Amino acid sequence: MGLTLPILETAPPTEIAGEERLRDSHGRYITDLRLSVTDRCNYRCVYCRTGNDGAQYSELPLEEYARLLRIFVSLGIEKIRLTGGEPLLRAGLLDLIRETATLRSPFTTEPLDIALTTNGHLLAPMAQDLKDAGLSRITISMDAVDAETFARITRVPGSFERVQAGIRAAQKAGLGPIKINCVLLRGFNEGQIEAFAEFSRREGVIVRFIEFMPLEEDRTWTPETVVPMAEIVARLNNVRPLVALPPNNPSETARRFTFDDGLGEIGIIAPVSQPFCGHCSRVRLTSDGKVRTCLFSQFDHDLIGPMRRGANDVELRSRIRSMIERKEARHHIGEPEFLKPSRSMVHIGG
Ligand code: SAM
């Protein structure tokens, strides 16, 4: 554990009017931005939240997110993922998506890729509106394929059926390929791996298993709570022989597989047992306007402060470049010097 892939160049440089795309000091091009539009959440997942709801929430007005998104895209961001907290709780989200859909990176002719990660509880009645506003695709978090285990993990009774309806509505609205994210947590849901394989094959969705990372509000993470990639692969091979698929792009976080009959698609995201920091292309903007260069950063870079004090776009662009320049080489999970990050996943934006 703790070893990482060598740092790779993620794409060739592109010069535009003497400017280069965002790049860190390790040679990685930063093309993906995750924006948390709220740190409120309507779930209390055992591996994420404390179960109490006493925390203070912090959100910016949507116009401020919109301005920051425009500046990031002008620097070469090509993919934006809206997240939270639970992004569907945020009033005005459709307006923000509409506005974002008008942006174009000057470094590519491709349209901006706008994705969203949701727990799906509020999705069914919103799916078509999200598509119409300009959302490209959706990822739905679902940690169990039966209602009882699902309620035990989310601590919200009666939500499982709503999430199923959300998945169907997203498929109908054309928000595919639908990805279903499942965080595996020893003692809670590792027994569901085979059933998730069947779910992928039956429902035509991509199921992605994610190793549990030390990003929770409670201090529940230990190496023993992680269900590692090797174990997931072994169990899936008992369903049917797995066949590896090539990555969709160089900075893909998931190892992709199908089964020997070509039915179903499984992704395994293994930041703990098989770190992929060497080709990380991501940066995060928290709901309170801080730039986070790594999930496991010990501090954030303030962007909203200078913006509110009147910094113009040129100044903000230069600040962002200097923040990205200092992006961490890798995380240190599993190493003696590992320190838990300064914020938990729900406050960073997953
Ligand atoms: N509320 C939305 C949702 O449920 O998808 C978006 C935010 S949530 C924090 C984003 C993703 O992070 C979810 O798939 C969640 O399961 C995952 N996540 C939260 N805590 C995690 C942890 N400690 N390790 C790995 N994944 C985690």
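The following exchange covers the sheet, one helix and the core of a predicted model.

Modeller: Residues are numbered from 1 along each chain as its sequence is written, and side-chain values use heavy atoms, with hydrogens and water left out. Because the model is predicted, local features need pLDDT of at least 70 and side-chain atom pairs count only at pLDDT 80 or more, whereas totals for chains, interfaces and linings use all residues.

Colleague: Which strands stand at the edges of the open sheet?

Modeller: Twelve strands form this open sheet with mixed pairing, where strands are DSSP runs of E with at least two residues and two of them pair if DSSP finds at least two bridges between them. Each edge strand has a single partner, so one side of each is left without a neighbour in the sheet, and these strands are β9 (242-245) and β14 (301-302).

Colleague: Which residue in β4 stands opposite L35?

Modeller: Strand β3 (residues 32-36) and strand β4 (residues 79-83) run parallel and are joined by five bridges. Opposite L35 in β4 stands L82.

Colleague: Within what arc do the buried residues of α7 fall?

Modeller: Helix α7 (residues 229-239), a DSSP run of H or I with at least four residues, has the buried residues M229, I232 and L236, buried meaning under 20% relative accessible area and exposed over 50%, with partly exposed in between (1.4 Å probe, protein chains only). The face turned away from them carries the exposed residues A230 and N238. Seen down the axis of α7, the buried residues line one face of the helix, because the directions from the helix axis to their C-beta atoms fall within an arc of 60°.
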